[in-house]
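Trainee: Could you walk me through this one? I'd like to know what packs against what.

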Amino acid sequence: MFRNQYDNDVTVWSPQGRIHQIEYAMEAVKQGSATVGLKSKTYAVIVALKRAPSELSAHQKKILPIDEHIGISIAGLTADARLLCKYMRTECMNSRYAYDQPLPVGRLVAMVGNKSQIATQRYGRRPFGVGLLIAGYDEKGTHIYQTCPSANYFDCKAMAIGARSQSARTYLERNLDKFTDCSLEQLILHGLRALRDTLPNEVSLTTKNCSIGFVGVDKPFTIYADDNVQQYLQMIEGEARSSGAGTEEEPKMDQGEDGGGSGMAVDEPAPGGPDPLD
């Protein structure tokens, strides 16, 4: 994927005003398994597709808890996601220790963006190769944020990132007006339908390859996996997929790791946000 003399380092601009190393990091996100986030007035939900490196290993976790009111799903390099997850947990603990209150979701996302931006500007460092969907609930209501390797972040109504995620974004766009007044169960079902559209036609969602995370007005961040997902999969079993779903080609995986995309079909720009990179 080597292009020219301008892509050897993250501090080098091309004559076209591009930084190729950041674009390569964005590609790592697009190669990861898909994840979907959406919200109503009272709940925020993230659903993620899990991959197993081989038949001998367990499926990799894609949804990680941060605090009682925040959780994330990842698309990209899992090792990079672990580092950012640890940073986010530390900042949430510092807020509770210093101020005895949870850290506002928007402030935490801005801090992640600032941390990611450093790696896009300094010699000898590389951008984080992971994209995050951040679900949270605070005094301002529910939130779904997307972060990118370029250090951009976006406040979204709904979003899907990762391999073949365009099909999921199409579903979200078509049903966006329905999400606002959905119950938690309805929101989860919409998320699973969108996630299912990212799969090839011959592959189905199972209790092994998908997980669900949600947070809301009366619920701390909770993760459903394995048998807890079964009841929701049964509710959408037998439903027809959206037209055109399952026809996207999955990007070739150069490394045995996980990535996500950066389509911004149904997003609201967050104030002061940096540029996308995962």
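Mentor: Let's start with one helix and then turn to the cores. This is a predicted model, where local features need pLDDT of at least 70, side-chain atom pairs count only at pLDDT 80 or more, and totals for chains, interfaces and linings use all residues. Residues are numbered from 1 along each chain as its sequence is written, and side-chain values use heavy atoms, with hydrogens and water left out.

Trainee: Okay, which residues of α3 are buried?

Mentor: Val 105, Leu 108, Val 109, Ala 110, Val 112, Gly 113 and Ser 116. Buried means under 20% relative accessible area with a 1.4 Å probe, protein chains only. Helices here are DSSP runs of H or I, at least four residues, and strands are E runs of at least two, numbered from the N terminus.

Trainee: And what covers them?

Mentor: The cover includes α2 (78-99) and the strands β3 (63-67), β4 (70-76), β5 (130-138), β6 (141-147) and β7 (153-156).

Trainee: How do α2 and α3 cross?

Mentor: Their axes, lines fitted to C-alpha atoms over the stretch in contact, come within 11 Å and cross at roughly 135°. Among the residues making the contact (heavy atoms within 4.5 Å) are Leu 83 and Tyr 87 of α2 and Leu 108 and Lys 115 of α3.

Trainee: Switching topic, how many residues has the largest nonpolar core?

Mentor: It has 30, and Val 36, Val 45, Leu 192 and Ile 212 have the most contacts inside it. Such a core is a set of buried Ala, Val, Leu, Ile, Met, Phe, Trp, Tyr and Cys residues joined through side-chain atoms within 4.5 Å.

Trainee: Which helix gives the most?

Mentor: α6, with seven residues. A second, separate core of 22 residues includes Cys 92 and Ala 110.

Key: Buried means under 20% relative accessible area, exposed over 50%, partly exposed in between (1.4 Å probe, protein chains only). Axes are lines fitted to C-alpha atoms, for helices over the stretch in contact, and angles run from 0 to 180 degrees between N-to-C directions.
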